Amino acid sequence: MEPSPLTHQPRPEVFQPKIVRLYEALFKDDEDASPEKPEGFWKEFFLLRPDRTSLKSMLDGTPVGDLLHLSSQTRQLFTKAVQALRQPYGMGDLHALDTLSTFMTCVLVKRYTNPSSDIIEVLAGLDQIDIVFGDFVAALEGLIRNGRGPGVECCPHGVGHVQKPRQQADGQAPPPQQPRGKSNCTYTADLQRRAVEVALAVASGAYQTSLLTYFIQRDLFPAIISCIQSQASLDTSGDETRITRPFMLLGLLANYNKFEFQNPYQMRLNDFVNERVIKDIVKGVGKTCQKLRDQYIEVQEDLPEGWTLANTLNKIGLGAIAPGGKPPPKPVYDAETAKKMFAELPGEEAAVLLATYDFTHANKLFSLELVAGAPTPEKGEDSPFASFISLTSYLLQHAHLSQRTTLYCHLNLMVFRLLIEDPVLCKRMCSDESKVPVRLCRQRSPYLPLVRPERVIATAVMDTMIDAINHNLRRRLDVGLYTLCLGILLRIISYMSRSRTRLQYHWADLFRSLLSLVRFLTTYASDLKGMSHINTLLDHVVNLLALGLSAGETFLPTPAAYDDLFYKVVETGEVLVKFRDTYGLANRVSNSIDTLVSVSVHYKEMLGTDGSKAAKGKRTGGQLTSLQVAEVIKQGYETLSIQAKEGLDSWEKYREADERTLLKKMGRQAVGDVGGLISQ
């Protein structure tokens, strides 16, 4: 090998950065050499830019037993990194954060025999963990709140900086030098983002250990809110992760053992009233939902193309002269490949939905801003709530593909339930003021009517629920998902009935879907009868139909829509009787199945034949046509007496404790997604 003319040393075959050689020297298991590294080693270590890929490869390749054997080296690394955060020099604090992010992600993800004690052994040792980890959390809090510590302050407009004079006493370290080429504000923003990344790595990796209690004991809520506020003011790129990553951190901390003790972050959510920060958070959540929704569209474009000159020219082979040129064609995947791709969605950024649920549950101001938040006019984006509904519709059409997708479906449905149960928000969602365009999933048939222009937001929510009912019918029915969907429909229609709100909507599709569900429940009763909470689902679907029959004139927009409901119930007469008898619904006081059956029997007697066959309009054997049956239905109103049970429009208010098991599963899933996000 030819020596270097400058150093006269053999040239390596592959260039290796100096920092990688320091990694190798640090983790070298040499019994003869002292494990303690001098201060000069660490000063150089944190002044050099980290090679995160090499460090990750080195740590991932170290078995748990070997890592515990190298605990003296890992403790040094952790302790010196914390020291670099507390006493920064040059870009040492930024490099220490990058190193810690990779180090903590790799160390915490390993499978230990005794996770809490083994991780403590690797990081600091049992006798020093309180001091070292306490200093670590304190340093993170300061960086998340302010970026670079005292002495550097951003100007109010986020441009330029002001350097405050600092007194330097004898024996004190000089103030940290600002890195060249970066304004103080930019560097501060970088520090805050990296500090949040480290906190997320610890929160996700140590979620099942006792280490997270250090984050609970030291309240990081004000620091995280300050970080969101400063990131929003400095961001000019439209990067929503500047907002959503700190928001995810809040979600993980607020969910940590919240059913076992009074989590202080949950209490903070209740009292938070900073409207500016809430607006920034809602905007970030909306952008994330839109990005997650677009991942589904990348797999399968589901919106019918409207007519344009460019489309017409493309179809006849003249796309080159079309305005804007010929757009690149999107790839089209076969059904099996698309199914596998859908099963991997949504992306790991979906972890933000857990924090969205927690804020919606705890904070009325956040809920109001989520529902009423306006879109960003300069970019023509959807409103945050429209993006949330849109994402939910795509999740629900693919809910059956993975347990992960199912959990996120349940989480978003609980957000809808919380919003609908608030009478002020429900009124807003049912009013013309709420009109926005909402793109709903059309990737699987049957399809609901396509609505392109702006629409009342409640109708988009109802479409999303109907799609969920139509596309998730299977013998191993997700009873919880169906109960949530039907409960949301019941709450919306109950409000409309009480307030006499009439919305233009394809009501026929809603009632057709409900009666199809009744048929499914009747056909597969042997598989479904023993399922947990199936009775609640049965009550919801029966009471929804009974509410339509008994109070339809208060919310259905036209007499024709009311007549159509009666027509469908008469047509399903035989199925309703079998449905009642199969599940023993006549013996349950919580539903109004007798209302449905009595209406069917009443018209059966009027028609003088089997009502279900007559309603189909067949012309054989002297039976009535569908038009004649419709006329009989109108005449029958005069002699019909609907004895509906009281309380059809009542429902139980949401109690979080009832969903304890599901929320714990959701918390673990969000932790896994955050861990995957940070490790990328």
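This is a short tour of a predicted model, stop by stop, with something to select at each one.

**Stop 1: the largest pocket**

Start by selecting V479, G480, T483, H533 and E659. Of the 48 residues lining the largest pocket, these are the closest to its centre. The pocket itself has a volume of about 1,300 Å³.

Next, colour four helices: α20 (403-421), α23 (479-499), α26 and α32 (660-679). Each of them supplies at least two residues of the pocket's lining. Which helix gives the largest share of that lining? It is α23, with eight residues.

If you colour the lining by residue class, you will find 14 nonpolar, 19 polar and 15 charged residues.

**Stop 2: H533, at the pocket and in a loop**

Keep H533 selected, since H533 is among the residues closest to the centre of the largest pocket. Follow the backbone and you will see that H533 sits in the loop between α25 (525-528) and α26 (534-551). Its phi is near 65 degrees, a positive value in a residue other than glycine. Is H533 buried or exposed? With a relative accessibility of 61%, H533 counts as exposed.

**Stop 3: N257, another positive phi**

Now select N257, in the loop between α12 (241-255) and α13 (264-271). N257 is not a glycine, yet its phi is positive, at about 50 degrees. Its relative accessible area is 33%, which makes N257 partly exposed.

**Stop 4: the second largest cavity**

Stay with α12 and select M248, G251, L252, A351, L354, A355, A670 and V674, the residues that line the second largest cavity. The space inside that cavity is about 30 Å³. In total, the model has two cavities of 30 Å³ or more.

Show α12, α17 and α32 as ribbons here, as each supplies at least two residues of this cavity's lining. The helix that gives the most is α12, with three residues. By class, this lining has seven nonpolar residues, one polar residue and no charged ones. You have met α32 before: that helix also supplies at least two residues of the lining of the largest pocket.

**Stop 5: two cis peptide bonds**

For the next view, switch to sticks and zoom in on L345 and P346. A cis peptide bond joins them, with omega at about 0 degrees. P346 belongs to the loop between α16 (335-343) and α17 (352-362).

Then move on to S445 and P446, which are also joined by a cis peptide bond, this one with an omega of about 5 degrees. Where is P446 found? Look in the loop between α21 (423-429) and α22 (457-471).

**Stop 6: helix α22**

From P446, carry on along the chain to α22. This helix has 15 residues and reaches 21 Å from its first C-alpha to its last, close to the 21 Å expected at 1.5 Å a residue. Try a surface view of the surrounding protein: 15 of the 15 residues of α22 are buried, so the helix is largely enclosed by the rest of the structure.

**Stop 7: A223 and its partners**

Finish at A223, in helix α11 (residues 221-234). A223 has 0% relative accessibility and counts as buried. Which residues touch A223, leaving aside its neighbours within four places in sequence? Select E141, I144 and R145, and you have those contacts on screen. For one last distance, pick the C-alpha atoms of A223 and L140: these residues are 83 apart in sequence and 9.3 Å apart in space.

Note on methods. Residues numbered from 1 in each chain as written. Predicted model: local features only at pLDDT ≥ 70, side-chain atom pairs only at ≥ 80, totals over all residues. Heavy atoms only, no water. Buried < 20%, exposed > 50% of the residue type's maximum accessible area, 1.4 Å probe, protein only. Expected span 1.5 Å × (residues − 1). Contact = heavy atoms within 4.5 Å. 1 Å grid on protein atoms, 1.4 Å probe; cavity = no way out; pocket = protein on both sides within 12 Å on 5 of 7 lines; lining within 4 Å. Points joined across faces, edges and corners; volume = space filled by probe spheres on them. Nonpolar A, V, L, I, M, F, W, Y, C, P; charged D, E, K, R; others polar.
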